[in-house]
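Let's take a walk through a protein model together. Keep the picture open while you read, so that you can look up each residue as it comes along.

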Amino acid sequence: MKKVICKVEYDTEASEFISKHVFGEFGDPAGYEECLFKTEGGKFFLYTHGGAESKYPEEGIKRMSTQNAEAWLNEGK
């Protein structure tokens with residue numbers, strides 16, 4: 001998925017995958033995934049998608065600061 005935010009292109013195909021958090025079981029309408037990526041330029045972003053009843057009913061991209069990306073990584077530990 002590609003999305004331009006504040007004139008910066010975030011592309012899951014061209015960025016480095018860092019980690020994934022999964023909430024719920026496969027097929028759960030309230031379940032969702034958050035995948036952390038890092039662009040070549042060093043910017044972090046989350047690729048999000050989930051079931052129809054989740055907080056991410058449509059796939060999306062959300063940019064993240066380095067501090068927020070580090071905090072997100074520590075949530076999964």
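Here is a tour of the aromatic rings, a charged pair, the cysteines and a pocket.

Before we start, bear in mind that this is a predicted model.

**Rings that meet**

How many aromatic pairs does a search of the whole structure find? The search turns up five. One of them joins Y10 and F45, whose rings sit edge-to-face, 5.4 Å from centre to centre and with 65° between their planes. Y10 belongs to strand β2 (residues 8–11) and F45 to strand β5, so this pair ties together parts that lie 35 residues apart in sequence. Both partners are tucked away: Y10 is buried, with a relative accessible area of 3%, and F45 is buried too, with a value of 0%.

Another edge-to-face pair is made by F17 and F37, with 5.6 Å between the ring centres and 70° between the planes. Here the link runs from strand β3, where F17 lies, to strand β4, where F37 lies, so parts 20 residues apart in sequence are tied together. Are F17 and F37 buried or partly exposed? F17 has 43% relative accessibility and therefore counts as partly exposed. F37, on the other hand, is buried, with a relative accessible area of 9%.

Now put the two pairs into one picture: ring pairs link Y10, F17, F37 and F45 into a cluster.

Here are those two pairs side by side.

| Pair | Centre to centre | Angle between planes |
|---|---|---|
| Y10 and F45 | 5.4 Å | 65° |
| F17 and F37 | 5.6 Å | 70° |

**A charged pair**

Next, look at charges. Side chains of opposite charge can pair when their charged atoms come close. A search of the whole structure finds one salt bridge. Which side chains meet in it? They are those of K20 and E33, at 3.9 Å from N to O. K20 lies in strand β3 and E33 in strand β4, so the salt bridge ties together parts that are 13 residues apart in sequence. As for K20 itself, its relative accessibility is 41%, so K20 counts as partly exposed.

Strand β3 is also where you'll find I18. With 31% relative accessibility, I18 counts as partly exposed. Try finding G42 from there: I18 and G42 are 24 residues apart in sequence, and their C-alpha atoms are 12 Å apart in space.

**Two cysteines**

How many disulfides does the structure hold? The count is zero. Have a look at C6 and C35 anyway. C6 is exposed, with a relative accessible area of 56%, whereas C35, at 7% relative accessibility, counts as buried.

**The largest pocket**

Last stop: empty space. Rolling a probe the size of a water molecule over the atoms shows where such space is left. The largest pocket in this model has a volume of about 180 Å³. Its lining is made up of 14 residues, and E25, F26, G27, G31 and Y32 are the closest to the pocket's centre. Which elements give two or more residues to this lining? They are β3 (16–23), β4 (32–38) and β5 (44–50). Sorted by class, the lining has five nonpolar, six polar and three charged residues.

To finish, go back to strands β3 and β4 in your picture. The F17 and F37 pair links these two strands, the K20 and E33 salt bridge does so as well, and both strands give residues to the lining of the largest pocket.

Terms used. Residues are numbered from 1 along each chain as its sequence is written. This is a predicted model: local features need pLDDT of at least 70, side-chain atom pairs count only at pLDDT 80 or more; totals for chains, interfaces and linings use all residues. Side-chain values use heavy atoms; hydrogens and water are left out. On a 1 Å grid over the protein atoms alone, a cavity is a set of points where a 1.4 Å probe fits but cannot get out, and a pocket is an open set with protein on both sides within 12 Å along at least five of seven lines; lining residues have an atom within 4 Å of a point. Grid points are joined across faces, edges and corners, and a volume is the space filled by probe spheres set on the points. Helices (H or I, at least four residues) and strands (E, at least two) are DSSP runs, numbered from the N terminus. Ala, Val, Leu, Ile, Met, Phe, Trp, Tyr, Cys and Pro count as nonpolar, Asp, Glu, Lys and Arg as charged, and the others, Gly among them, as polar. Rings of Phe, Tyr and Trp (its six-membered ring) pair if their centres lie within 6.5 Å; planes under 30 degrees apart count as stacked, over 60 as edge-to-face and the rest as tilted. Buried means under 20% relative accessible area, exposed over 50%, partly exposed in between (1.4 Å probe, protein chains only). A disulfide is a pair of cysteine sulfur atoms within 2.5 Å. A salt bridge is a side-chain nitrogen of Lys or Arg within 4 Å of a carboxyl oxygen of Asp or Glu.
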